[in-house]
Amino acid sequence: MRVFLRISLIVFLCLVLLAGGFLAWFYTGVGLPSLSQLEKHRMDQTSKILAADGTVIAELHGEQHREKISLDQISPYLRQAVIAIEDERFYSHSGVDWKAIARAFWTNVVQGKVVQGASTITQQYVKNTLTGKERTYWRKVEEASLANKLERKYSKDKILELYLNDVYFGQGCYGVKTASQTFFGKQPSELSLEEAALLAAVIRIPNYYSPYTNAEGAMRRRNLVLDKMAELGFITQEEADQAKQKPVVVQPIPEEAPSQVAPYFVEYVKKYLYNVFASDHELRSRFGDLSPDDIIFRGGLRVYTTLDLNMQRYAEEAIATTLDRPGDPSAALCAVDPRTGEIKAMVGGRDFTKLQYNIAAQGGRQPGSAFKVFVLTTAISNGISPYKTYDSSPTTLVFPDGTKWKVNNCEGSSYGSINVYTATVRSVNVVFARLIKDVGPQRVAQMAKAMGITSPVDPYPAIALGALTNGVNPLEMASAFGTLAANGVHYEPICVTKVTDADGEVILENRPKGKRVVREDVAAVVNSILQDAVKHGTGRAARLDRPQAGKTGTTDNYADAWFCGYTPDLSAAVWVGYPQGLIPMRSVHGITVYGGTFPAQIWRKFMLKALEGVPPTDFPKAEFGEEDEEEMVTVTVCTESQLLATPYCPHTETRTYRRGEQPTDYCHIHTEGQKVAVPAVTGMEESVAAAAIRGAGLVPNVTYVNSTVVPAGMVVGQNPLAGTMVSPGSTVTISVSRGPSPQGVVPNVLYMTETAAKEKLVSAGFTYKVVYQTDPEHVGIVTYQFPAGGSSAPAGSLVIITIGKSG
């Protein structure tokens, strides 16, 4: 008997030691996950893009659609309902309900497997955010340990707030705010008793208890919640019985997402945000290890934009009511405030669902005569009087580097000898060709860049008529013309004023930054001329009953038509054409499309409404008269050094300057010595150019490039430049045009598998770049491509495809 007692005592002591050891180990947490891991957890939150007036125009979210709120913004009914059905002893335990654990343990032992849990609200939060949903005894130990640590650090109310913002309610809703808005169209603070009980009811098994698919099961579970609330004293039994009599009523889930407001602008903002986060490591580090895409779609950002919803609507209406017939060309419009650079409206095409390519901000189309404004501004800046006359007859111009350019006016017309002012109003090509020869293409390219053109502008003479290698888009044209509207001060375009994180802290802010790039007196003269271009010239269809200025633009093949105009309050550019290629618009609504037709009409419709109620503002008065010969001086300069030419400068031009602004130093590059001057071969045929180089004792090296401006077989450029003094036997590289890049049709690979899409693109002669984006419903499937299928693009160009991934 004594031996039995001794054995029993030893067993008892061992059990006590084991229990004590377990508790000590449990509460110290040695070998268990640390709370710091839990605190690093970043809860996915929906980001929102807002218009200038605070209206939400887009919500961006990944798999988890969630918006955090504080506990005091949640109805007491909902808090009580969740506690009643999920964890009735929530306010009395320390994160672990040992009584419930003992009951569940016994049940699971009897069943021989884990069939019942005893998780508290704190443990559920831990499971959702860190340990996962695997149901094992070890995982329950991990949950319990972390739950206990969490309760020792945070108050019960804080833990309840974290849980209610994190938990899943079905229908893609994470957190009570999204669920409340989706199910009932209400804020969580506005929920009635029966609505709160229904939300609490679905937490256990959201898909099974969903009121959308199992209304009867949802009602039974809701009524159970109400009875439990009455049992615990949160409500009376009478209140519970009254609520149980009410039917389950929820808002219908729309079959399709509501149409997005200003979709082209939203995509532009998303691209802007991506570039900001991708280029700023310090800013990105605020969000841990999230990628730029994850920050945008999961970071809970509030993106405050410059978009004016009224102006956006007016822009869309102006296009839709003007080009309103099947087969009509597309159109793009962009409007900016010239005083700040803020983008107020952006339409990138007629239908975003059919073509996502944003011509307003991404397109590169030829601007035609609209580009003459930069030649005019350059000329006035360099002292050329608006009343200086030129012969407007068709001619062939020979430039100092040997380039020959045959120039005609629209439809072969001629106006005799006319001045710059009249040539601008009538948009006379030959005069502007002569004008760019006087001021130099390099200066015009520099002026265009300074005023706001961001696309590359190669300094060829043909840019005077808008023949650009890469084209331009309406955003940069509206911005550049806005420089004149702001009297010569350029403001960089702004689409976002500020961005805040999920806690409301400002992480990015843009303030208007103006820089004077055109003298005020020059801007006033150009504005005066362009006002008459609208009043009496090619832009008459755009006339408003207020001070305004503008310029039309039409390409030779009628494939692109523009109107770019402005008042002191608003600058806007309109493009009309076919985005899929250079298709002549010779019969649209029975007319040939010029800049003064549909583009000017669209611009006028938009501006009339956009400026409704805005008092007219006058432009500063321009002070200019007949050319004063005594105030002008003509000198010969070296085009390489821009200084006074010496007898040894191989490449010179005669230029006119305002007195006092002309160069006074002589060229220090070209001096007497035993060097060979590189001959001017740009514009020559390949064989002739090579012979000229060899004749100068130099070695030709030929490369080939595509060009839409220079005919095939002709020299596009040379290096070193003509006139450069080099040693005999040096190599001169010439770039010979192969003509325009061959165009191909981009295949449609939407909703194909990644492998199939790649194979199809390669077989069609295109390259590809893959971007992966979280989309559990389309894993391994192409969900977006750019350019869109059916678009015309140079063979071998890049196609970007977006592939869905699981997370």
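**From a strand pair to the cores**

In this predicted model, K48 has R302 of strand β5 standing opposite. The two strands concerned are β1, which covers residues 47-50, and β5, which covers residues 302-305; they pair in the parallel sense over 3 bridges. In general, the strands of a sheet pair through backbone hydrogen bonds, in either a parallel or an antiparallel manner.

This pair belongs to an open sheet of 5 strands, in the order β2-β1-β5-β13-β14, and the pairing within that sheet is mixed. At its edges stand β2 (56-60) and β14 (506-509); each has a single partner strand, so one side of each is left without a neighbour in the sheet. From one strand to the next, the twist averages 15°.

K48 also leads from the sheet to the charged side chains. Side chains of opposite charge can pair when their charged atoms come close. The side chain of K48 meets that of E67 in a salt bridge, with an N to O distance of 2.8 Å. This pair links distant parts of the chain, since K48 lies in strand β1 whereas E67 lies in the loop between β2 and α3 (76-86), and the two are 19 residues apart. Both K48 and E67 are buried. The pair is also part of a wider arrangement: a network of salt bridges links K48, E59, E67, K177 and R302. R302, the residue opposite K48 in the strand pair, thus reappears here as a member of the network.

K177, another member of that network, is one of the buried residues of helix α8. Why is helix α8 described as largely enclosed by the rest of the structure? Of the 9 residues of α8 (residues 176-184), 7 are buried, so the helix is largely enclosed. The buried residues are V176, K177, T178, A179, S180, F183 and F184. They pack against helices α3, α7 (156-166) and α9, and against strands β3 (168-170) and β4 (173-174). Just after α8, G185 takes a positive phi of about 65°.

Helix α9, one of the packing partners of α8, carries one end of another salt bridge. E194 lies in α9 (residues 193-202), while K246 lies in the loop between α11 (237-244) and α12 (263-279); the pair links distant parts of the chain, 52 residues apart. Their side chains meet at 3.7 Å, N to O. The two ends have unlike surroundings: E194 is buried, with a relative accessible area of 16%, whereas K246 is partly exposed at 39%.

A further salt bridge lies within a single helix. R313 and E317 both belong to helix α15 (residues 309-322) and are 4 residues apart, about one turn of the helix. Their side chains meet at 3.9 Å, N to O. R313 counts as partly exposed at 37% relative accessibility, and E317 is likewise partly exposed, with a relative accessible area of 30%. Altogether, the count of salt bridges comes to 26.

The nonpolar interior can be taken next. In soluble globular proteins, nonpolar side chains tend to be buried together. Here the largest nonpolar core holds 96 residues, of which F265, F277, F374, I453 and M477 touch the most other members. Residues up to four places away in sequence aside, I453 touches F371, F374, A448, V472, E476, M477 and A480. A second, separate core of 48 residues includes L146, F169, A179 and Y209. A179 in this second core is also among the buried residues of α8.

Burial is not confined to nonpolar residues, as T424 in helix α17 (residues 420-426) shows. T424 counts as buried, at 2% relative accessibility. A polar atom of the T424 side chain lies 2.9 Å from the backbone oxygen of V420. Leaving aside neighbours within four places in sequence, T424 is in contact with L376, F432, I529, L530 and K551.

These elements sit within a protein chain of 24 helices and 30 strands. Of its 807 residues, 50% count as buried. Among contacts between residues at least 6 apart in sequence, 68% join residues at least 24 apart. The salt bridge between K246 and E194, whose residues are 52 apart, is one example of a link between distant parts of the chain.

Technical notes: Residues numbered from 1 in each chain as written. Predicted model: local features only at pLDDT ≥ 70, side-chain atom pairs only at ≥ 80, totals over all residues. Heavy atoms only, no water. Pairing = 2+ DSSP bridges. Axes fitted to C-alpha atoms, helices over the stretch in contact; angles between N-to-C directions. Core = buried A, V, L, I, M, F, W, Y, C linked by side-chain atoms within 4.5 Å. Buried < 20%, exposed > 50% of the residue type's maximum accessible area, 1.4 Å probe, protein only. Contact = heavy atoms within 4.5 Å. Polar contact = N/O pair within 3.5 Å; in protein donor to acceptor, adjacent residues only side chain to side chain. Salt bridge = Lys/Arg side-chain N within 4 Å of Asp/Glu carboxyl O.
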